[in-house]
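This report is meant to be read slowly, with the chain in view, moving from one part of the fold to the next. Please keep the display open while reading.

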Amino acid sequence: MTSDDPAPFVELREVTKHYPGVTALDAVSLDLRLGEVHALVGENGAGKTTLTGVLTGALHADAGEVFVAGKSVKLDSPAAARKLGIVGISQELAIEPYLTVSDNIVLGQEPTVGPGHQVLSRRLADSTATRALASLGASDVPLGSTAGRLSTARKQLVEIARALALDARVILMDEPTSSLPGSDASKLLELIRELRADAKAILFISHRLEEVIEIADRVTVVRSGRKIATLPIEEAPIDRMIELMVGRSIKDFFPPRRSLPGDVVLEIEGMSRDPEFHDVSLSVRSGEILGLAGLVGAGRTEVMRAVAGADPRDAGTIRLHGDELDPASPSDSIAAGIVYLPEDRTEQGLVLTMSVLENIALPSMARLTQGWGLLRRARVQDLGRQWCSKLGVRGRIEGSVANLSGGNRQKVVIAKWVATTPQVLIFDEPTRGIDVGAKREVFEVMHELAAGGAAIVFVSSEIPELMNVAHRIIVMSAGRVTDELQEHEFDEERILTAAFAAHVERKALT
Ligand SMILES: Nc1ncnc2c1ncn2[C@@H]1O[C@H](COP(=O)(O)OP(=O)(O)O)[C@@H](O)[C@H]1O
Ligand SMILES: [Mg+2]
């Protein structure tokens with residue numbers, strides 16, 4: 001398919017786009033072919049969204065040319081791009097929440113009847129919408145329901161259906177899976193395969209590099225507005241992509257460990273809750289990053305939530321500096337100095353209507369609100385500023401947290417809890433869904449906290465991350481601890497074997 005190099009359908013030649021103070025695209029050339037998924041990867045701010053903006057006609061390039069089917073074209077408006085068959089599925093879904101599914105699908109090309117053709121033809125609109133949804137295998141999405149009430153996955157389907165109703169040949173998807181749960185994401189990938197088989201050209205932007213490997217035919221890597229390389233996917237394994245994205249070798253990607261483990265801070269003994277976990281014992285020292293490895297469903301999150309007082313336990317003791325702790329709620333744990341940062345960022349209650357600085361100060365309010373009003377305000381601002389700069393939060397920190405990108409929101413969540421100066425921090429999959437640059441910053445923060453004497457539990461499904469960041473790794477499988485490795489024993493195969501241990505045992509028994 002890609003081996004005989006078909007002619008490009010869309011071609012960008014040396015496209016440049018400046019913003020005040022930054023060159024978002026610097027003479028970028030790239031081509032899209034029909035029947036092909038072309039992935040675009042790069043750190044936050046590399047220029048990916050700007051590139052899709054140029055192609056959808058939403059942004060005007062300062063220099064360069066775009067060709068469609070061999071002809072030089074002017075993409076000076078979204079309507080012009082649509083006419084050429086180019087449609088973007090946006091990062092912030094472009095759904096009209098108060099309109100119905102049907103109206104959303106025909107949006108911008110509503111079929112009309114009546115004198116002067118000003119009345120929407122409901123019948124035509126519905127039949128167009130029905131056809132588009134059916135071709136996506138999504139006939140179960142009700143035409144008449146209000147689009148704003150649909151799940152994210154279904155809103156996305158409506159957007160894709162709109163593209164098909166427009167007879168799009170080129171579909172640009174900017175991080176379409178970043179806000180989808182796993183099962184919906186794999187359905188979307190399946191759908192993308194069908195679109196490819198249907199001879200669409202697809203530009204696919206994602207931070208999830210496993211997805212890119214799974215779905216793309218070719219990949220283009222951009223860094224700081226420049227195109228670094230376009231490669232057939234077979235020549236771009238994940239670590240190669242990361243190297244190209246960050247511009248340094250993978251060895252330098254992980255910041256060095258900076259702390260030495262001291263005294264035991266947190267100790268868990270014989271903790272169980274049927275059927276999730278059984279007889280789990282572990283301890284974490286001051287200055288130590290303890291990695292917690294395992295497959296999804298191994299019980300790592302469940303154990304940690306019990307430690308954080310978010311869920312009950314049937315048996316087992318928790319000790320903090322030797323004193324027994326029996327947290328009945330998260331506030332008990334927080335008061336004792338144990339903070340749990342869950343994987344699901346929406347659950348952590350960033351208050352979207354509040355500013356970044358206010359969000360960071362929230363859990364520390366009790367401490368900050370002593371004294372006069374003015375002083376209070378200054379303290380809130382200081383605390384927020386201090387952590388934003390330590391964590392490299394990018395964006396307007398006086399403004400609403402809703403305006404930050406996903407990676408930066410993740411940093412605000414961390415800042416918010418870290419600002420309470422806890423003794424134990426449990427990071428549950430802190431790097432999921434954020435780009436490589438933000439990942440490195442999260443690791444830096446963990447090292448800094450450890451160097452400051454905190455005890456850290458780092459739950460991750462990425463074994464290389466654990467091996468390069470943690471001082472020690474405990475592996476869980478089906479609710480039990482199955483192995484423990486000191487730093488000099490770290491070995492990917494051994495960790496994987498332990499992660500599968502319970503499953504292998506079970507097979508042997510049956
Ligand atoms: N509307 C804008 N005004 C000013 N700068 C912008 C604007 N949009 C994007 N940028 C800047 O352009 C660069 C590329 O951004 P973007 O294309 O959004 O990157 P990506 O999608 O790869 O994260 C970044 O430095 C970003 O800050
Ligand atoms: Mg973007």
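Which element gives the most to the shell around ligand 1? In this predicted model, the answer is helix α1, which supplies three residues of that shell. The residues around ligand 1 are Tyr19, Val22, Ala24, Gly42, Asn44, Gly45, Ala46, Gly47, Lys48, Thr49 and Thr50, and when they are sorted by class there are four nonpolar, six polar and one charged residues. Strand β2 (22-32) and helix α1 (48-55) each provide at least two residues of the shell.

**Domains and cores**

The chain is divided into domain 1 (10-95 + 150-250), domain 2 (254-337 + 422-510) and domain 3 (353-419), and the C-alpha centres of domain 1 and domain 3 lie 33 Å apart.

The largest nonpolar core has 76 residues, of which Ala415, Val424, Ile426, Met446, Ile456, Val457 and Phe458 touch the most other members. Helix α15 (residues 436-451) contributes the largest share of this core, with seven residues. Because domain 2 (254-337 + 422-510) and domain 3 (353-419) both give residues to this core, the core lies between them. Met446 can serve as an example of how the contacts are made: leaving aside its neighbours within four places in sequence, Met446 is in contact with Ile289, Phe427, Ile456, Phe458 and Val469. Apart from this core lies another one, of 72 residues, which includes Leu30, Ala39, Ala132 and Leu188.

**A covered strand and an enclosed helix**

Strand β9 (residues 170-174) is mostly covered, with five of its five residues buried. The cover is found on both faces, since Val170, Leu172 and Asp174 on one side and Ile171 and Met173 on the other are all buried. Strand β6 (residues 86-89) runs parallel to β9 and is joined to β9 by four bridges, with Ile86 standing opposite Val170. Strand β10 (residues 201-205) also pairs with β9 in the parallel sense, over five bridges, and within β10 the bridge partner of Met173 is Phe204.

Why is helix α9 (residues 300-307) described as largely enclosed by the rest of the structure? Eight of the eight residues of α9 are buried, so the helix is largely enclosed by the rest of the structure. These buried residues are Arg300, Thr301, Glu302, Val303, Met304, Arg305, Ala306 and Val307.

**Backbone angles to look for**

Several residues have a positive phi, and the table sets them side by side with the place where each is found.

| Residue | Phi | Place |
|---|---|---|
| Glu14 | near 50° | strand β1 (residues 10-19) |
| Gly309 | about 75° | just after α9 |
| Glu429 | near 45° | loop between β19 (424-428) and α15 |

For Glu14 the positive value occurs in a residue other than glycine, and the same wording holds for Glu429. Glu14 is partly exposed, with 14 other C-beta atoms within 10 Å, while Glu429 is also partly exposed, with 19 other C-beta atoms within 10 Å.

A further backbone feature concerns a peptide bond: the one from Asp274 to Pro275 is cis, with omega near -5°. Pro275 itself lies in the loop between β13 (264-273) and β14 (277-285).

Note on methods. Residues are numbered from 1 along each chain as its sequence is written. Chains are lettered from A and ligands numbered from 1 in the order in which they are written. This is a predicted model: local features need pLDDT of at least 70, side-chain atom pairs count only at pLDDT 80 or more; totals for chains, interfaces and linings use all residues. A residue is near a molecule or strand if its C-beta atom, placed from the backbone, lies within 6 Å of it. Ala, Val, Leu, Ile, Met, Phe, Trp, Tyr, Cys and Pro count as nonpolar, Asp, Glu, Lys and Arg as charged, and the others, Gly among them, as polar. Domain bounds come from an automatic or database domain assignment. A nonpolar core is a set of buried Ala, Val, Leu, Ile, Met, Phe, Trp, Tyr and Cys residues joined through C-beta atoms within 7 Å. A residue is buried if 20 or more other C-beta atoms lie within 10 Å of its own, exposed if 12 or fewer, and partly exposed in between; C-beta atoms are placed from the backbone. Two residues are in contact if their C-beta atoms, placed from the backbone, lie within 7 Å. Two strands pair if DSSP finds at least two bridges between them.
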